[in-house]
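Reader: I should like to go through the cysteines of this model with you. Could we take the bonded pairs one by one?

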Amino acid sequence: MNPMFYFLLALTAVLTVTGSPGEPVLDIHGDIIFDCSYYVLPRISGPGGGGLTLSSRGDDWCPLYLKLEYSKVNMGIPVKFSDWRTKVAYVPESANLNIQMDVKATICGQSTYWYVPPVEPITVIEALFLAAGPKLSDGFFQIKKIKDALGGYKIVFCVNNNDCSDIGIFVDKQGVKRLALSSTPFDRG
């Protein structure tokens, strides 16, 4: 059984200068993250929510979308990082990688890799929410260090190496805090 570590990632949208590419991502205990399961938690703990989980949107059960748990005591579903191209055993900062919810089965009967669903041309969108499903090749994720007094990391979605968007929190029409591409900081203070 893989060890479970509490992994602190910032869910903010502040573009920052990252550390040297290839440095290992660390968990909240300062341990290097390897190919195991980790919980993604807001870097500022409080009444704004807990870890990540999956839920449907609207009347459609599938695909499932990523959202924050309502309670700070619920750590949600752990994630696994995969497919970084460097020849190191640890998860490196700023490396292209895939992220998957580490859950055995869902009501959708498909894998749970993170992706940004395509937008229908006639659809009015609230935000570009992150979904979980089959591994797509339309982009990848990176973990970047935040260089401020609080520390921690943020996740970005990249179409190519130069076109990345921060992952933040967007509150939808039903009041659900969902992961979405964002250009606005998510401040939990």
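Reader: Which residue forms a disulfide with Cys-158?
Author: In this predicted model, Cys-158 is bonded to Cys-164, with 2.1 Å between the sulfur atoms.

Reader: And is that link left-handed or right-handed?
Author: The link of Cys-158 and Cys-164 is right-handed, with 105° about the S-S bond.

Reader: Is Cys-158 buried or exposed?
Author: Cys-158 is buried, at a relative accessible area of 0%. Its partner Cys-164 counts as partly exposed, at 27% relative accessibility.

Reader: How many disulfides does a search of the whole structure find?
Author: The search finds two. Besides the pair just discussed, Cys-62 and Cys-108 form a disulfide, with their sulfur atoms 2.0 Å apart. This link of Cys-62 and Cys-108 is left-handed, with -110° about the S-S bond.

Reader: Which parts does that pair tie together?
Author: Cys-62 belongs to strand S4 (residues 60-68), while Cys-108 sits in the loop between strand S6 (98-101) and strand S7 (113-115), so the disulfide ties together parts that are 46 residues apart in sequence.

Reader: What is the relative accessible area of Cys-62?
Author: For Cys-62 the value is 36%, and the residue is partly exposed. Cys-108, by contrast, is buried, with a relative accessible area of 16%.

Reader: What is the pairing if the bonded cysteines of the chain are numbered in sequence order?
Author: Numbered in that way, the bonded cysteines pair as 1-2, 3-4.

Reader: Changing topic, is Cys-36 buried or exposed?
Author: Cys-36 is buried, with a relative accessible area of 13%.

Methods. Residues numbered from 1 in each chain as written. Predicted model: local features only at pLDDT ≥ 70, side-chain atom pairs only at ≥ 80, totals over all residues. Heavy atoms only, no water. Disulfide = S-S within 2.5 Å. Helix = DSSP H or I, 4+ residues; strand = E, 2+ residues; numbered from the N terminus. Buried < 20%, exposed > 50% of the residue type's maximum accessible area, 1.4 Å probe, protein only.
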